[in-house]
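Colleague: Please take a close look at the charged side-chain pairs of this model. I should like one connected account of where they sit and how far they are covered, set against the rest of the fold.

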Amino acid sequence: MLKRFARAAALLAAIGLLPTPCGAQPAYPARPVKLVVGFAPSGAADFVSRVFQDPLSKALGQPLVIENRPGAGSSIAAEYVAKSAPDGYTLLIASPSSILVNPLISPKAGFDAKRDLIPVSKVSSSPLVVAVHQSVGVSTLRELIAAAKKSPGN
């Protein structure tokens, strides 16, 4: 039984080594790559993209062109990238707002993040902090929520 398995594995490996008929394709990338940022220049997302610009340009052997498309909580940029050719030449610095929150609050967005975008890598994180004045008298988020429910509008 083990010999049969070994022969089958060797045959499959040999088949994998056979040349496959395909047209000659240029190495990726053959032209500049666009990195779309859904926020205005000088914001956090723009800063992150510019930090990666030079190292990625060198690694790719092509320029990485940053294009800011601010508006609608970065949904304009996400929709633009989602509708671009799926050839790897248009990338998005995404935020949770553009790919998670906005589609929930505006279901008529021009794209479906699950269907139209493919995650590549996490490049940064921005922790969020909830802070209140000490006079509020709470020290945890649970206490803050309870206080807010007890006194709506305050």
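Modeller: A residue is called buried when its relative accessible area is under 20%, exposed when that area is over 50%, and partly exposed in between. R69 has a relative accessible area of 28% and therefore counts as partly exposed. Please bear in mind throughout that this is a predicted model.

R69 is a suitable place to begin. Its side chain forms a salt bridge with E67, in which the closest N and O atoms are 2.4 Å apart. The pair does not stand alone, for K34 joins E67 and R69 in a network of salt bridges. In general, side chains of opposite charge can pair when their charged atoms come close. In total, 7 salt bridges are present in the structure.

A second pair, R31 and D87, shows 3.0 Å between the closest N and O atoms of its salt bridge. This contact connects distant parts of the chain, the two residues being 56 residues apart. R31 belongs to the loop between α1 (2–17) and β1 (33–37), whereas D87 belongs to the loop between α3 (75–82) and β3 (90–93). Neither partner reaches the buried class: R31 is partly exposed because its relative accessible area is 40%, and D87 is partly exposed because its value is 31%.

The salt bridge between R50 and D46 has its closest N and O atoms 3.1 Å apart. Here both partners lie in helix α2 (residues 44–60), and they are 4 residues apart, about one turn of the helix. Their cover is unequal in class. With a relative accessible area of 5%, D46 falls under the 20% cut-off and is therefore buried. R50, at 38% relative accessibility, is partly exposed.

These pairs belong to a protein chain with 6 helices and 3 strands. Along the sequence the elements follow the pattern α-β-α-β-α-β-α-α-α. Of the 154 residues in the protein chain, buried residues make up 19%, and D46 is one of the buried residues.

Helix α2, which holds R50 and D46, also takes part in the largest pocket. That pocket encloses about 1600 Å³ of space. Two or more lining residues come from each of α2, α3, β3, α4 (96–105) and α5 (113–116), and α2 gives the most, with 6 residues. The lining comprises 47 residues, with L92, I93, A94, V120 and S121 lying nearest the centre of the pocket. Despite the interest in charge here, the lining counts 33 nonpolar and 8 polar residues beside 6 charged ones.

Another charged residue, E79, is found in helix α3. Its relative accessible area is 27%, so E79 is partly exposed. The C-alpha atoms of E79 and L92 are separated by 9.9 Å, with their positions 13 residues apart along the chain.

Helix α4 offers a nonpolar counterpart to the charged pairs. V101 is found in that helix, and at 40% relative accessibility V101 counts as partly exposed. Together with I99, L100, L104 and I105, V101 makes a nonpolar surface patch of about 510 Å².

Definitions and conventions. Residues are numbered from 1 along each chain as its sequence is written. This is a predicted model: local features need pLDDT of at least 70, side-chain atom pairs count only at pLDDT 80 or more; totals for chains, interfaces and linings use all residues. Side-chain values use heavy atoms; hydrogens and water are left out. A salt bridge is a side-chain nitrogen of Lys or Arg within 4 Å of a carboxyl oxygen of Asp or Glu. Buried means under 20% relative accessible area, exposed over 50%, partly exposed in between (1.4 Å probe, protein chains only). On a 1 Å grid over the protein atoms alone, a cavity is a set of points where a 1.4 Å probe fits but cannot get out, and a pocket is an open set with protein on both sides within 12 Å along at least five of seven lines; lining residues have an atom within 4 Å of a point. Grid points are joined across faces, edges and corners, and a volume is the space filled by probe spheres set on the points. Ala, Val, Leu, Ile, Met, Phe, Trp, Tyr, Cys and Pro count as nonpolar, Asp, Glu, Lys and Arg as charged, and the others, Gly among them, as polar. Patches are made of residues with over 30% relative accessible area and no salt bridge: like charges are joined within 9 Å, nonpolar side chains (Val, Leu, Ile, Met, Phe, Trp, Tyr) within 5 Å. Accessible areas come from the Shrake-Rupley method with a 1.4 Å probe; for residues, only the protein chains shown count as cover.
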